[in-house]
Amino acid sequence: MRRLFSLVALSCALLSTFAFADTPTRIRVSTPEDIQVITQVTQDFQAAIRTKNLKQLAGLMLHSKLMFESPASPEMIRSVREKFDPSFDGTGSSSYTNFAQFVAKDKGNLDERFSNVQITQDGHIAWVVFDYEFMKDNQVENYGVETWQMMKNADSQWKILSVVWSSHPVAPVNKPAASDSTTEKKIDSPALAGTSPAIDIM
């Protein structure tokens, strides 16, 4: 009986070895130097928002037509389809140019705080994910999670390829919260940018 148990155990071990032998080792290509440069991009992005340096901000983007928006929720998509546009899919309502114009025209002090920043790199592609708080005159206007796709261009510079974020509005101090009908009408959101107090490398 003991011998039979040993043979079964040996057979299981051999089958397990053969199963894993066909699985190649996969390694992400990532370097400390690239992570440092990407980290600097997040800091430059925040600084450009604070100082309203649109030339610096544009220089961080791959181009001005990149995806740059907060997609609408299923509820908002249904509402817009019923009231305005039957083909509305929840995207395409915002762009980098819209955001740059918002920063340029706003008369207040703008800032965005980053936290829980995570950077994942694989060769010439990288992903940056973080929690944010978008600030105006030292008050939080909205918050959520933001993600960037980045790529290294022909000049070996890391550029932002796309920006997508969730957005939760914060009621202004001493003012009532916006009603559902008001929230539905606000399809675009200026959320973005900030400071990175902590960075995790994945």
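Residues are called buried here when their relative accessible area is under 20%. In this predicted model, Phe-68 and Phe-99 both meet that description. Their rings lie with centres 5.3 Å apart and planes at 35 degrees, which makes the pair tilted. The partners come from distant parts of the chain, with Phe-68 in strand 1 (residues 67-69) and Phe-99 in helix 5, 31 residues apart. Both rings also belong to a cluster, linked by ring pairs, that takes in Tyr-96, Phe-102, Phe-134 and Trp-165 as well.

The model holds nine aromatic pairs. Another of these joins Phe-45 and Trp-148, again in a tilted arrangement, at 4.9 Å centre to centre and 55 degrees between the planes. Here helix 2 supplies Phe-45 and strand 4 supplies Trp-148, a separation of 103 residues. Phe-45 has a relative accessible area of 0%, so it falls under the 20% limit and is buried. Trp-148, also at 0%, is buried too.

These two residues lead on to the largest nonpolar core, which has 30 residues; Phe-45, Trp-148, Met-150 and Ile-160 touch the most other members. Elements giving two or more residues to this core include helix 2 (32-51), helix 5 (96-105) and strand 4 (139-152). The top contributor is helix 2, with six residues. Leaving aside residues up to four places away in sequence, Ile-160 touches Phe-45, Trp-148 and Met-150, along with Val-41, Leu-60, Met-61, Leu-62, Leu-66 and Gln-149. A separate second core has five residues, among them Ala-72, Met-76, Ile-77 and Val-80.

Note on methods: Residues are numbered from 1 along each chain as its sequence is written. This is a predicted model: local features need pLDDT of at least 70, side-chain atom pairs count only at pLDDT 80 or more; totals for chains, interfaces and linings use all residues. Side-chain values use heavy atoms; hydrogens and water are left out. A nonpolar core is a set of buried Ala, Val, Leu, Ile, Met, Phe, Trp, Tyr and Cys residues joined through side-chain atoms within 4.5 Å. Buried means under 20% relative accessible area, exposed over 50%, partly exposed in between (1.4 Å probe, protein chains only). Helices (H or I, at least four residues) and strands (E, at least two) are DSSP runs, numbered from the N terminus. Contact means heavy atoms within 4.5 Å. Rings of Phe, Tyr and Trp (its six-membered ring) pair if their centres lie within 6.5 Å; planes under 30 degrees apart count as stacked, over 60 as edge-to-face and the rest as tilted.
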